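Here are my notes on this model, set out as numbered points. Please read them with the structure open.

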Amino acid sequence: MQVLLTGNPNVGKSAVFSRLTGLATISANYPGTTVTVKNGTAQLAGRSYSLTDVPGTYSLEPSCEAENAACRLIKSDDVSLFIHVLDATALERNLFFTLEILELARPTILLLNKFDIAKRQGIDIDCAKLSAALGVAVVPFIAVTGEGVGKLAREAGKIIAGHPAPGPRPAMMSDTQKWQFIGALSRRVQVIRHKHASFAEKLQALSMRPATGLPLAAAVLLLALAGVHYLGEALIAFALDPVYENFYLPLITFALSPLQDGVIKTLLSGGPDPAAANFGLLAGAVHIAAVEVFAYVLSFYCLLGLLEDTGYLARIAVLLDNALHKVGLHGHASIPIIMGMGCKVPGILAARTLATRRERIIALSMTLLLAPCISQTAMIIGVIGPQGEGYVLAVFAALAAAGLAAGAVLHRLSRGDSPELLLEIPPFRLPLYGPFMLKLRLRLAEYIVEAMPMIMAGVLIINIAEMAGLVHLAEELFRWPVVRLLGLPPETVSVIALGFLRKDISIALLAPFGMTGEQLAVAAVFLSMYMPCAATLLVMLREAGLKDCARVTAFNLLAALVTAGLLNLLFHLI
């Protein structure tokens with residue numbers, strides 16, 4: 001039996017889904033889209049149901065890819081039952097989509113989620129009157145505790161047994177008639193008592209005013225990025241690296257020991273001794289994908305989940321919406337850009353949520369250019385800091401200016417407009433363990449299944465290219481711009497040519513060349529911008545396709561040459 005879980009965004013569908021299915025969930029893209037749909041199995045009234053969590057939407061007239069996928073699922077002939085979730089604290093706003101669902105004339109149960117929060121806010125809803133007016137069962141529900149699951153099971157059992165509905169459903173109405181009906185119904189079934197604003201509600205208001213919200217957002221983002229850095233470093237130092245060094249690497253060394261030195265062993269281990277390898281498929285590639293990148297992906301997804309589930313991420317999107325419109329984006333694009341400041345891989349993956357191809361290209365370019373990732377940031381501060389804080393600030397200022405300028409240029413060159421941001425702002429709330437862990441598990445599974453194989457395949461391709469002499473050819477191609485345009489020593493060409501393998505290490509390798517602070521700053525800017533790292537490039541290739549990946553990479557290379565060249569010129573002038 002196919003059951004769809006429907007509702008507006010932010011009504012608590014994920015919490016309801018987690019409560020009904022546990023963590024036995026499959027996540028997949030809706031066919032022909034990048035929209036993720038969750039499927040699971042729910043046990044109700046002694047029977048198993050296939051439950052699908054439909055992307056949240058406000059009506060059956062879609063305005064973006066996610067809503068289009070939701071509407072196609074809802075209108076499918078395979079649906080046996082709708083479990084339609086409403087936010088009891090915002091009943092009137094939720095009822096328009098509810099009426100559209102009821103017009104489909106399918107078996108439907110309404111879940112009034114957050115019923116406890118509504119009571120605390122002074123909202124009393126008469127479920128019996130609401131059920132009689134809409135002609136379907138209405139179940140008060142609290143996803144946090146599971147209160148209401150028993151009644152939901154009983155109502156599902158009645159529908160299976162063919163019991164008559166509580167009453168006739170409303171007749172078909174125009175949109176104007178629907179809102180008139182909703183207004184009258186809300187007054188009849190809902191009583192709202194006056195209540196003074198709580199501290200949390202006052203904080204919510206402050207977080208949305210630009211004068212107070214923007215400084216608060218800056219502080220939260222700085223803390224989040226610091227948390228990503230320290231949590232990622234701790235995971236590498238105390239968990240992932242010890243497992244790799246003490247267990248995995250000795251096992252690979254033993255397994256490859258019977259092989260004679262040659263092409264196969266070099267490709268697998270990077271050299272005769274896997275312990276000394278940097279980019280062997282089974283040695284260095286695994287270390288990059290499963291230790292270095294994975295640590296930051298895990299830490300960033302943890303903090304991203306906290307920002308999402310507390311309701312704060314939506315506020316950041318709204319606060320940044322006006323600024324991002326200047327570069328052809330809307331507030332949702334703040335998510336991949338912010339994530340890219342921690343690690344570019346989750347930033348690239350997050351860009352799939354944007355509505356149009358044009359927005360994705362702009363967001364991808366800005367994610368790669370606007371700021372270095374956490375590991376690069378640490379290397380920039382460590383290598384250039386001793387030369388003076390001004391050089392470090394020059395690097396980050398140049399990157400920020402280049403990222404904003406790139407967004408503005410792409411906005412002017414690309415056809416189309418950025419859609420307006422229609423986003424419901426949820427109240428502040430404590431994250432729920434079940435939904436939080438479900439999202440974290442799905443996101444990590446997505447990285448392991450989709451991104452890790454691409455990273456390892458990329459390392460293999462790079463090893464083959466190095467054996468074929470293509471890396472040496474790249475060094476020759478880079479020699480003129482590196483020496484003439486950027487004013488760097490010729491010896492740095494090899495470091496820059498291989499920088500896309502490991503950007504953080506390539507920045508660290510600049511230290512032995514005895515370069516001035518100006519040269520180090522120029523080199524760091526160019527290395528940060530000119531090419532995505534191997535892991536990011538392969539993930540972007542999968543997400544954006546060959547054509548768009550090539551366009552973004554070529555545009556960023558041009559932006560890197562212009563930005564680093566101008567910075568070199570500026571240093572000479574002053």
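1. Start with the internal space. The largest cavity has a volume of about 70 Å³. Eleven residues line this cavity, and those closest to its centre are Ala224, Phe300, Leu304, Leu307 and Ile338. Keep in mind that this is a predicted model. The search covered the whole structure and found one cavity of 30 Å³ or more.

2. Which elements give two or more residues to the lining of the largest cavity? They are α9 (210-256), α11 (284-309) and α14 (334-340). Helix α11 gives the most, with four residues. By class, the lining has eleven nonpolar residues, no polar ones and no charged ones.

3. Next, the salt bridges. The count comes to 14. One of them joins Asp53 to Lys13, with the closest N and O atoms 2.8 Å apart. This pair links distant parts of the chain: Asp53 sits in strand β4 (residues 47-53) and Lys13 in helix α1 (residues 13-21), 40 residues apart.

4. Are the two partners buried or exposed? Asp53 has a relative accessible area of 5%, so it is buried, the cut-off being under 20%. Lys13 is at 9% relative accessibility and therefore counts as buried.

5. A second salt bridge pairs Lys114 with Asp87, and here the closest N and O atoms are 3.5 Å apart. Lys114 lies in the loop between β6 (108-113) and α4 (115-120), while Asp87 belongs to strand β5 (residues 81-87). The two residues are 27 apart along the chain, so to speak distant parts that the pair links. Both Lys114 and Asp87 are buried.

6. A third salt bridge involves α11, the helix that gives the most to the cavity lining. Lys439 forms this salt bridge with Asp309, and the closest N and O atoms are 2.5 Å apart. Lys439 is in helix α19 and Asp309 in helix α11, 130 residues apart, and the pair links distant parts of the chain. Asp309 counts as buried because its relative accessibility is 11%. As for shared partners, salt bridges join Lys13, Lys38 and Asp53 into one network.

7. Helix α19 (residues 433-467) also holds Ile461. Is Ile461 buried or exposed? Ile461 counts as exposed because its relative accessibility is 55%, and the cut-off is over 50%. The C-alpha atoms of Ile461 and Leu281 are separated by 9.7 Å, with their positions 180 residues apart along the chain.

8. Now helix α6 (residues 149-161). It has 13 residues and reaches 18 Å from its first C-alpha to its last, close to the 18 Å expected at 1.5 Å a residue. Leu152, Ala153, Glu155 and Ala156 are buried in α6. Why do they line one face of the helix? Seen down the axis of α6, the buried residues fall within an arc of 165°, so they line one face. An α-helix has 3.6 residues a turn, so residues three or four places apart point the same way.

9. The other side of α6 is worth a look too. The face turned away from the buried side carries the exposed residues Arg154 and Ala161. Gly162 follows α6, and its phi is positive, near 80°.

Notes:
Residues numbered from 1 in each chain as written. Predicted model: local features only at pLDDT ≥ 70, side-chain atom pairs only at ≥ 80, totals over all residues. Heavy atoms only, no water. Expected span 1.5 Å × (residues − 1). Buried < 20%, exposed > 50% of the residue type's maximum accessible area, 1.4 Å probe, protein only. Arc of directions from axis to C-beta. 1 Å grid on protein atoms, 1.4 Å probe; cavity = no way out; pocket = protein on both sides within 12 Å on 5 of 7 lines; lining within 4 Å. Points joined across faces, edges and corners; volume = space filled by probe spheres on them. Nonpolar A, V, L, I, M, F, W, Y, C, P; charged D, E, K, R; others polar. Salt bridge = Lys/Arg side-chain N within 4 Å of Asp/Glu carboxyl O.
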